[in-house]
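Thanks, everyone, for making the time this morning. I would like to go through one model with you, taking the annotated domains, then the contact between the chains, and then a pocket.

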Amino acid sequence: MDALDKKIIRTVQNDFPLVAKPYEILAERVGISENELICRLKRYKDEGQIRKMGAVLGHYTAGFAANVLCAWVVPPDHMDTIAKAMAAHSAVSHCYDRTTTEDWPYNVYTMIHARTRSECDAVVEELAQENRLTDKVLLYSVKEWKKTSMRYFEEEAAVR
Amino acid sequence: MLSLSDKKILNAIQTNLPLTPHPFAELGKLAGLSEQEVIKRLNELRDEGYIRRIGPFFDSDKLGYVGTLVALKVKEGYMEKVAAVINTYEGATHNYERKGKYNLWFTLLTQNVAQRAKILDDVRALPGVEAVMSLVSRKKYKVNVKFNLK
């Protein structure tokens with residue numbers, strides 16, 4: 001990643017212009033041509049720095065008013081099989097394998113979305129039975145203090 | 001209320017915003033709408049909260065960032081102040097108060113482990129913070145939120 005790459009990322013991660021030629025506007029902000037911006041973005045997509053060009057919908061859009069973070073104790077020998085099976089469930093939006101601590105044995109984290117809390121609980125039961133897991137903890141949120149998208153390479157811009 | 005053409009646009013744009021000079025004209029072809037109609041409707045859907053964000057979504061690992069989920073035990077009466085400090089970190093993108101013995105959970109992305117260690121030390125030293133766990137992500141099996149609207 002060179003300085004121009006970082007400048008491009010800082011620019012395109014902000015509001016995407018909903019106009020006929022959005023890449024032309026973004027390219028102007030970066031100070032390069034539209035064609036060069038499109039070429040760079042295609043390269044990031046091919047190389048995987050961009051995992052998707054698209055949109056994320058609000059959960060309510062799909063009628064999902066409830067969600068829960070569920071942490072599981074998955075036997076390490078079966079990690080790959082079980083984590084992939086849980087990730088394949090349509091109600092699961094995120095599935096991560098994480099490190100544990102002495103008093104916290106849970107190693108897999110799934111974010112589950114459904115219309116109601118009881119539907120969330122039902123998905124958890126389904127995942128538990130299908131994967132023969134008994135040790136889990138449901139981490140329902142009480143309050144959202146912050147929810148934003150990551151803005152990369154901003155600190156470097158502030159220093160300059 | 002979402003119309004049939006709204007759903008077609010939303011299903012398409014979730015995974016494929018074309019990298020071409022006129023991306024919305026291409027999306028319009030899928031839903032039988034003109035470029036201008038797509039733009040107008042997307043603006044409305046964004047304003048109404050149906051769309052949370054449009055554009056590129058980056059793979060934090062590939063950009064060289066390291067990620068962790070941090071869980072805190074915060075003493076009663078200190079929650080608001082602790083949460084406010086966490087919120088000031090650029091890399092703390094999701095910060096939730098949850099039920100359980102660990103009652104504040106936030107995700108943290110930093111450019112390296114030294115930066116992360118510094119933030120965790122600062123958090124550990126905050127008044128009211130009784131314990132801190134950093135649960136580092138070893139493998140991401142799913143990160144994509146995609147909904148199929150019917």
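Let me begin with residues 6–52 of chain B, a stretch that is 68% helix and 4% strand, with its end C-alpha atoms 15 Å apart. Please keep in mind throughout that this is a predicted model. The UniProt record, an unreviewed entry, annotates those residues of chain B as "domain: Siroheme decarboxylase NirL-like HTH". In chain A, the feature of that name is placed by UniProt, again in an unreviewed entry, at residues 5–51, and over that range the chain is 66% helix and 4% strand, with the end C-alpha atoms 16 Å apart.

Further along chain B, the annotation "domain: Siroheme decarboxylase AsnC-like ligand binding", also from an unreviewed UniProt entry, covers residues 62–142. There the composition is 26% helix and 46% strand, and the end C-alpha atoms lie 16 Å apart. For chain A, UniProt lists residues 62–146 under that domain name, in an unreviewed entry, and this stretch comes out at 27% helix and 36% strand, with 22 Å between the end C-alpha atoms.

Turning now to how the chains meet, the contact takes 75 residues from chain B and 73 residues from chain A. Between them the two chains bury about 7600 Å², of which 59% is on carbon and sulfur atoms. On the chain B side, the residues that lose the most area to chain A are Leu19(B), Phe58(B) and Tyr141(B), which together account for 12% of what that side buries.

How many salt bridges are counted between chain B and chain A? The count is four, and if you would like one to look at on the screen, the side chains of Asp103(A) and Lys101(B) meet in a salt bridge at 3.6 Å, N to O.

That leaves the pocket. The second largest pocket has a volume of about 280 Å³, and it is lined by 18 residues, with Ala62(A), Phe64(A), Ser90(A), Phe147(B) and Asn148(B) lying nearest its centre. Which elements of chain A each supply at least two residues of that lining? They are strand E4, residues 108–114, and helix H5, residues 117–130, and H5(A) provides the largest share, namely three residues. Sorted by class, the lining of this second largest pocket consists of nine nonpolar, four polar and five charged residues.

I will stop there, and I am glad to take questions.

Conventions. Residues are numbered from 1 along each chain as its sequence is written. Chains are lettered from A and ligands numbered from 1 in the order in which they are written. This is a predicted model: local features need pLDDT of at least 70, side-chain atom pairs count only at pLDDT 80 or more; totals for chains, interfaces and linings use all residues. Side-chain values use heavy atoms; hydrogens and water are left out. On a 1 Å grid over the protein atoms alone, a cavity is a set of points where a 1.4 Å probe fits but cannot get out, and a pocket is an open set with protein on both sides within 12 Å along at least five of seven lines; lining residues have an atom within 4 Å of a point. Grid points are joined across faces, edges and corners, and a volume is the space filled by probe spheres set on the points. Ala, Val, Leu, Ile, Met, Phe, Trp, Tyr, Cys and Pro count as nonpolar, Asp, Glu, Lys and Arg as charged, and the others, Gly among them, as polar. UniProt positions are given in the numbering used here, feature names are shortened, and annotations may be inferred rather than shown by experiment. Contact means heavy atoms within 4.5 Å. Buried area is the accessible area (1.4 Å probe) that two parts lose on being put together, summed over both.
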